[in-house]
Amino acid sequence: MHNQLIDALRGWAPWQQTLAQCADGRVSALYDVTESQRAYLSAALAAHSGRPVLYVAPTEQAARRAAEDCAQLLEGRAAQLTAPETQFLRAVQGREGSWQRLKVLGQAMSGELMVVCVSAETLLTRFMPADSFQQAAFTLREGKQADPQQVMARLTALGYERVPMVEGKGQCAL
């Protein structure tokens, strides 16, 4: 990936010092940085270090803006992991937020994302352990063979709803 905005930092001595501290596992702090500069520096840190960055924002809205800014700088390799919505009636609870979180977690686990932006609230959310998530995930590919009964058993064990005809996400049928 080549981005002139990010590459502009390479010759700046304070930036080189920050990268060296991160590479050595030392703590590095930047002060008096505006919100847009935080997203820029997070994207640059991910690009220059080759390591993923967790960006923690005070609110969901700030995390969304940071994810959008980082995604522009990193060719789409940034996303927001949102906090689950609090639902008081199960009947009105939608699954779209859950699917979005699963998508971002899957992308982060596979190394597709360079920056994951979260709010402080999301950071406090409990998620399943990473190894359990990886063990549960599987991919079906066109042209490959799989035992339909085993696939159905695995999907229902993961919480998919078995229905006569699939009409949306989270459903499975034979």
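**Salt bridges and cores**

Visitor: What does E68 count as at 45% relative accessibility?
Guide: The value for E68 is 45%. Buried means under 20% relative accessible area and exposed over 50%, with partly exposed in between (1.4 Å probe, protein chains only). E68 therefore counts as partly exposed.

Visitor: Which pLDDT must side-chain atom pairs have here?
Guide: Good to ask: this is a predicted model, its residues are numbered from 1 along each chain as its sequence is written, and side-chain values use heavy atoms, leaving out hydrogens and water. Totals for chains, interfaces and linings use all residues, local features need pLDDT of at least 70, and side-chain atom pairs count only at pLDDT 80 or more.

Visitor: Which residue forms a salt bridge with E68?
Guide: A salt bridge is a side-chain nitrogen of Lys or Arg within 4 Å of a carboxyl oxygen of Asp or Glu. The partner of E68 sits 4 residues away in helix α4, about one turn of the helix. At 3.8 Å, N to O, that partner is R64.

Visitor: How many residues apart in sequence are the parts tied together by E35 and R65?
Guide: The side chains of E35 and R65 meet in a salt bridge of 2.8 Å, N to O. E35 lies in helix α3 and R65 in helix α4 (helices are DSSP runs of H or I, at least four residues; strands are E, at least two; both are numbered from the N terminus). The pair therefore ties together parts whose separation in sequence is 30 residues.

Visitor: Which residue has its side chain joined to that of Q80 by a polar contact of 3.0 Å?
Guide: Q80 belongs to strand β2, residues 78-80, and counts as buried because its relative accessibility is 13%. A polar contact is a pair of N or O atoms within 3.5 Å; within protein, one must be able to donate a hydrogen and the other to accept it, and residues adjacent in sequence count only if both atoms are side-chain atoms. For Q80, the partner is E60.

Visitor: Which element gives the most residues to the largest nonpolar core?
Guide: A nonpolar core is a set of buried Ala, Val, Leu, Ile, Met, Phe, Trp, Tyr and Cys residues joined through side-chain atoms within 4.5 Å. This one has 26 residues, and W15, V115 and C117 touch the most other members. Elements giving two or more residues include α2 (13-23) and β3 (115-119). With 7 residues, the top contributor is α4.
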